[in-house]
Amino acid sequence: MNKQPYIIDNPAENDFRLNRQALVDPDVLTLEKSCIFDTCWVYAGHDSEVTKPGDFVTRTVAGRPVIMARDSNSEMRLFLNTCRHRGAKVCRERSGNTKRFYCFYHGWSYDNDGALAAVPGDDAYPDSFDRSELGLTEAPRFEQYQGFWFACFDPSVPDLETYLAGAKEYIDLVVDQSPSGTMEIITGVQEYDVEANWKLLVENSFDDYHLHSTHSTWLEYMKDAGVNIRVPNGKGLVLPKRGIGRNLGNGHAVIDNLNFRGRPVATWISIYGEDAKPIVESAKAELVERLGEERAERVANTNRNLFVFPNLMINDGSSVTVRTFWPAAADRMEVTAWAVGPVEESPEMRKVRLDAFLTFYGPGGFATPDDVEALMQVQQGIAETVSEVPWSVMTRGIAKEGEQLNSDELHLRTFWRRWNELMTGAENSAQASE
Amino acid sequence: MSDLQQEVTNLIYLESTLLDRREWDEWIDLYTEDAVYWVPSWVNEEETTDDPELQLNLIYLRNRGGLEDRVFRIESRDSYASVPLDRTVHVVGNVLVAGEMDDEVEATANCIIHTYGKKGGLTRASLYDFRMRRDDGELKISRKKITFIDDRLEGPIDVYHL
């Protein structure tokens with residue numbers, strides 16, 4: 001790392017620059033693991049992935065192999081997937097249902113609430129051997145909001161709801177799509193690796209500045225399908241102007257946009273086909289009935305790309321995707337993406353939702369591959385030029401009074417300021433001034 | 001080799017060749033109007049998505065129009081994921097006619113796909129499940145399911161990678 005700071009943040013001078021070493025240097029990644037991923041609430045999974053007692057999924061959360069399980073009493077648990085004896089993983093399947101987790105190395109087994117249940121040949125252990133202290137280790141903190149479960153490996157932090165701050169309002173908007181307030185992960189997952197720094201995907205996932213230049217073929221495709229791709233404008237709209245970027249506190253941020261590309265819940269566009277029209281309209285009517293005209297319009301006709309610091313995106317647009325990513329190296333990340341929908345959704349609507357999802361998102365979609373290409377180009381562009389070109393410019397909108405657009409960069413600066421605070425331990429004085 | 005086995009094998013070879021040679025229009029012509037094109041995702045170690053309509057796949061196209069959209073995207077030279085276009089070589093083997101019912105033929109094959117592009121060389125492997133049907137006497141593809149054996153994909157995929 002060069003001796004320069006990570007960011008230069010001086011709104012009074014309309015200056016905000018990012019030190020590109022933050023995207024390149026392996027030492028930065030090492031520090032991120034302890035300063036960020038070990039101290040923040042990190043997304044672990046969704047209620048709907050483990051609905052029955054004994055259900056479990058395994059995955060990596062904040063770099064740790066974990067088991068997210070619903071125990072026999074229906075309590076949600078997040079175990080570190082390592083045997084207390086000599087360390088082997090006690091669960092090797094990606095998902096399933098079990099009363100016990102079994103370590104095949106020496107045969108120790110654990111109940112699905114983590115208690116050590118059986119130790120072969122336990123008469124060889126001394127009297128001090130205390131089974132009650134040798135259950136599976138749980139994440140020190142594991143809490144949920146609206147069915148989204150997060151873990152934190154720092155026991156001392158404030159609770160999840162406090163952490164989520166202004167992001168809660170936007171999660172509520174996503175969940176309000178469901179008559180019962182219950183969203184579910186749709187079966188199937190998209191997992192892909194990208195040769196780029198993980199923070200580039202944070203930026204990209206809610207960067208509306210790149211839409212026209214990066215996604216022109218997708219926009220053409222939508223236009224050819226008869227969708228009006230002009231961004232709506234006019235009076236009496238739910239949101240001022242066409243879309244805004246907002247700082248939601250604690251590093252979370254959102255772009256909050258008027259819909260123009262259709263929403264299964266609940267704005268019909270031609271690409272859905274005539275058959276889907278009455279279904280979308282009845283979903284809208286249900287929203288109005290349940291939430292009132294104004295809130296229904298907010299849910300049904302606005303899009304939001306919500307970033308929950310440090311590595312969760314909930315993009316609620318033409319479909320809903322939950323996307324998280326983990327840095328395998330400074331220049332490589334592992335992306336996992338799910339589709340989410342209301343549990344009550346009819347098969348007809350689910351089809352529309354998944355079509356919309358696959359058209360835009362994922363490694364085989366019409367937009368994500370171009371994003372991936374852009375991130376790789378950034379990584380390749382900066383990796384060996386940092387000495388000569390040390391700074392990236394991120395000042396869009398910085399000189400504006402008041403609210404900032406979705407295509408400005410306030411939300412990116414929000415991320416980077418929080419990231420910088422955690423990495424350096426310094427409170428950022430510029431935060432308040434913008 | 002039976003005539004049908006020969007015909008099915010030729011069609012699968014031809015498809016791979018047209019993809020590798022970038023003869024997009026001829027490639028699309030191998031498909032029926034109502035052809036389904038499906039790349040499932042892995043649900044766990046053993047199973048992929050098995051209900052393409054109601055589960056999240058990698059790609060699911062309900063008819064040939066979906067393939068035409070892909071070709072539009074490739075030919076536009078405006079999708080940066082496909083400019084410059086990766087070079088590909090498909091090597092297809094193990095072609096077997098699995099069954100014949102009414103007017104449809106089912107066939108399976110294996111494919112090793114080597115890609116060379118901006119990321120360098122990359123080899124993927126997939127299982128093919130075909131359905132084929134006679135259209136004006138000519139055997140065409142009415143359904144193609146491509147199952148990657150990798151559950152985590154290295155980068156994005158498009159039809160020429162498949």
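**Lining of the largest pocket, by residue class.** Nonpolar residues number 17 in this lining, polar residues 12 and charged residues 13. Nonpolar covers Ala, Val, Leu, Ile, Met, Phe, Trp, Tyr, Cys and Pro; charged covers Asp, Glu, Lys and Arg; the others, Gly among them, are polar. The model is predicted: local features need pLDDT of at least 70, side-chain atom pairs count only at pLDDT 80 or more, and totals for chains, interfaces and linings use all residues. Residues are numbered from 1 along each chain as its sequence is written, chains are lettered from A and ligands numbered from 1 in the order in which they are written, and side-chain values use heavy atoms, without hydrogens and water.

**Centre of the largest pocket.** The volume of this pocket is about 960 Å³. Its lining holds 42 residues, and the closest to the centre are Thr58(A), Arg59(A), Arg94(A), Glu191(A) and Trp338(A). Pockets and cavities are sought on a 1 Å grid over the protein atoms alone: in a cavity a 1.4 Å probe fits but cannot get out, a pocket is an open set of points with protein on both sides within 12 Å along at least five of seven lines, and lining residues have an atom within 4 Å of a point. Points are joined across faces, edges and corners, and a volume is the space filled by probe spheres set on them.

**Strands and domains around the largest pocket.** Five chain A strands each supply at least two lining residues: E3 (42-46), E4 (55-61), E5 (64-70), E19 (320-329) and E20 (332-342). E4(A) gives the largest share, 5 residues. Helices (H or I, at least four residues) and strands (E, at least two) are DSSP runs, numbered from the N terminus. The pocket lies between domain 1 (42-145) and domain 2 (176-433) of chain A, because both give residues to its lining. The domain bounds come from an automatic or database assignment.

**Second largest pocket, lined from chains A and B.** About 760 Å³ is the volume here. Of the 31 lining residues, Tyr221(A), Ile271(A), Asp355(A), Thr359(A) and Arg62(B) lie nearest the centre. Chain A supplies at least two residues each from helix H6 (216-224) and helix H9 (347-360); chain B does so from strand E2 (59-61) and helix H3 (64-75). H9(A) has the largest share, with 8 residues. The lining counts 16 nonpolar, 6 polar and 9 charged residues.

**Largest cavity, one of 3 of 30 Å³ or more in the structure**. Its volume is about 250 Å³. The lining has 22 residues; Ala81(B), Asp86(B), Lys119(B), Pro156(B) and His161(B) are nearest the centre. At least two residues each come from helix H10 (368-383) of chain A and from H3, strand E4 (104-117) and strand E5 (120-135) of chain B. Charged residues number 9, nonpolar 7 and polar 6.

**Second largest cavity, with about 60 Å³ of space**. The lining includes Tyr192(A), Leu201(A), Asn204(A), Arg323(A), Asp371(A) and Leu375(A). Strand E14 (190-194), helix H4 (198-205) and H10 of chain A give two or more residues each. H10(A) gives the most, 4 residues. By class, 6 are nonpolar, 2 polar and 2 charged.

**Chain A as the setting for these views.** Chain A has 12 helices and 22 strands. Its C-alpha atoms fill a box of roughly 80 × 60 × 35 Å along the principal axes.
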